[in-house]
Amino acid sequence: MVQKAEKIWFDGKLVNWDDAQVHVLTHTLHYGAGVFEGIRAYCCVDGKSAVFRLKDHVVRLFDSAKIIGIKIPFTIDEIVDAIIETLKVNGLKEGYIRPLVFIGDGVMGVHPGSNPIRVAIATWPWGAYLGEEALEKGIRVKTSSFNRHHVNAMMTKAKACGNYVNSILAKVEAVTDGYDEALMLDTQGFVSEATGENIFIVKDNIIKTTPLTSVLPGITRASLMKVARDLGYEVVEQLFTRDELYIADEAFFCGTAAEVTPIREVDNRIIGEGKCGLVTKKLQKDYFNVVKGGNEKYSGWLDYYEI
Ligand SMILES: Cc1[nH+]cc(COP(=O)(O)O)c(CN[C@@H](CCC(=O)O)C(=O)O)c1O
């Protein structure tokens, strides 16, 4: 169960967690046209708290809304300020932040008519997305029987609620079959991403990730590409196949919730030495140092706040 916080920011007001309710005929509940974000705040090395790439996440929320055709009734800065306010009122020195923009109740039927656009921001403590052991030892992954969306069927650059039915189908199938996560292929059969993460592979010290075709433009993905290049690694964005993943030296998933999670096995094939690889370990360590304010070079990615 998610660990409740005291308040949720809802349409411009802070309401008690249990009072943040909607009508059962809320349009997005039925038809899935809503957008959301996943953002993390961390306790930093200097004891302060900071949100990682807050503005970038909020800009993506507005981009997602634009793609789906939803007009958010607040400005980017108002949402940025509301996120900080919600963390502070809940006394969260670190935690997960979930802004949600959805179409409220009014008319029913596919066309949302003039139903109100509603905005909520929830925050809660959230540890390792796939478990502490996963960060250390890596996870077991199965290629899903479900393809990632066709890029003209669902809008994959949008973090849209309805897109996640595809993720749920794949995740439940993988977990039911005894794996930790699903690897999803695009409609051409190339590797796409996981149900809530982007993917990287490492071969002969070259780091490779999928281009932004069928995948969510991950902020963790972009951050890791910058950090890896600054460390002198060659980083390429190139379509690759599942069998290229099988013979990679290393592989890992990344995302706000998943952070940097090593992959030790795919489709019952050991990846590399079947544990967190050296490059993955280095990037994971540097990523955690960056998000916790330990690397001055990336201080521009942190929004500090005081509890
Ligand atoms: C499909 C998908 N692909 C890639 C990413 C990585 O994006 P970014 O967080 O900007 O690096 C995420 C984030 N998944 C969010 C939701 C997870 C959930 O279970 O809910 C997250 O990581 O917060 C995705 O949902």
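The following paragraphs describe how the ligand is held in this predicted model.

A natural place to start is the location of the ligand, which sits in the largest pocket. The shell around the ligand takes at least three residues from domain 1 (7-124) and at least three from domain 2 (132-291). Four secondary-structure elements each contribute at least two residues to this shell: helices H2 (54-68) and H6 (219-230), together with strands E6 (95-103) and E14 (250-255).

In all, 22 residues surround the ligand, and those that come nearest are Tyr-96, Tyr-129, Tyr-164, Glu-193 and Thr-220. By residue class, the shell comprises nine polar, seven nonpolar and six charged members.

Turning to individual polar contacts, the side chain of Tyr-129 places an N or O atom 2.5 Å from an oxygen atom of the ligand. The backbone also takes part: an N or O atom of the Ile-219 main chain lies 2.8 Å from a ligand oxygen atom. For Arg-98, a polar side-chain atom is found 2.9 Å from an oxygen atom of the ligand. As for burial, the ligand on its own has 550 Å² of accessible area, of which the protein covers 93%.

Terms used:
Residues are numbered from 1 along each chain as its sequence is written. This is a predicted model: local features need pLDDT of at least 70, side-chain atom pairs count only at pLDDT 80 or more; totals for chains, interfaces and linings use all residues. Side-chain values use heavy atoms; hydrogens and water are left out. A residue is near a molecule or strand if one of its heavy atoms lies within 4 Å of it. A polar contact is a pair of N or O atoms within 3.5 Å; within protein, one must be able to donate a hydrogen and the other to accept it, and residues adjacent in sequence count only if both atoms are side-chain atoms. Accessible areas come from the Shrake-Rupley method with a 1.4 Å probe; for residues, only the protein chains shown count as cover. On a 1 Å grid over the protein atoms alone, a cavity is a set of points where a 1.4 Å probe fits but cannot get out, and a pocket is an open set with protein on both sides within 12 Å along at least five of seven lines; lining residues have an atom within 4 Å of a point. A molecule sits in a cavity or pocket if more than half of its atoms lie within 2 Å of its grid points. Ala, Val, Leu, Ile, Met, Phe, Trp, Tyr, Cys and Pro count as nonpolar, Asp, Glu, Lys and Arg as charged, and the others, Gly among them, as polar. Domain bounds come from an automatic or database domain assignment.
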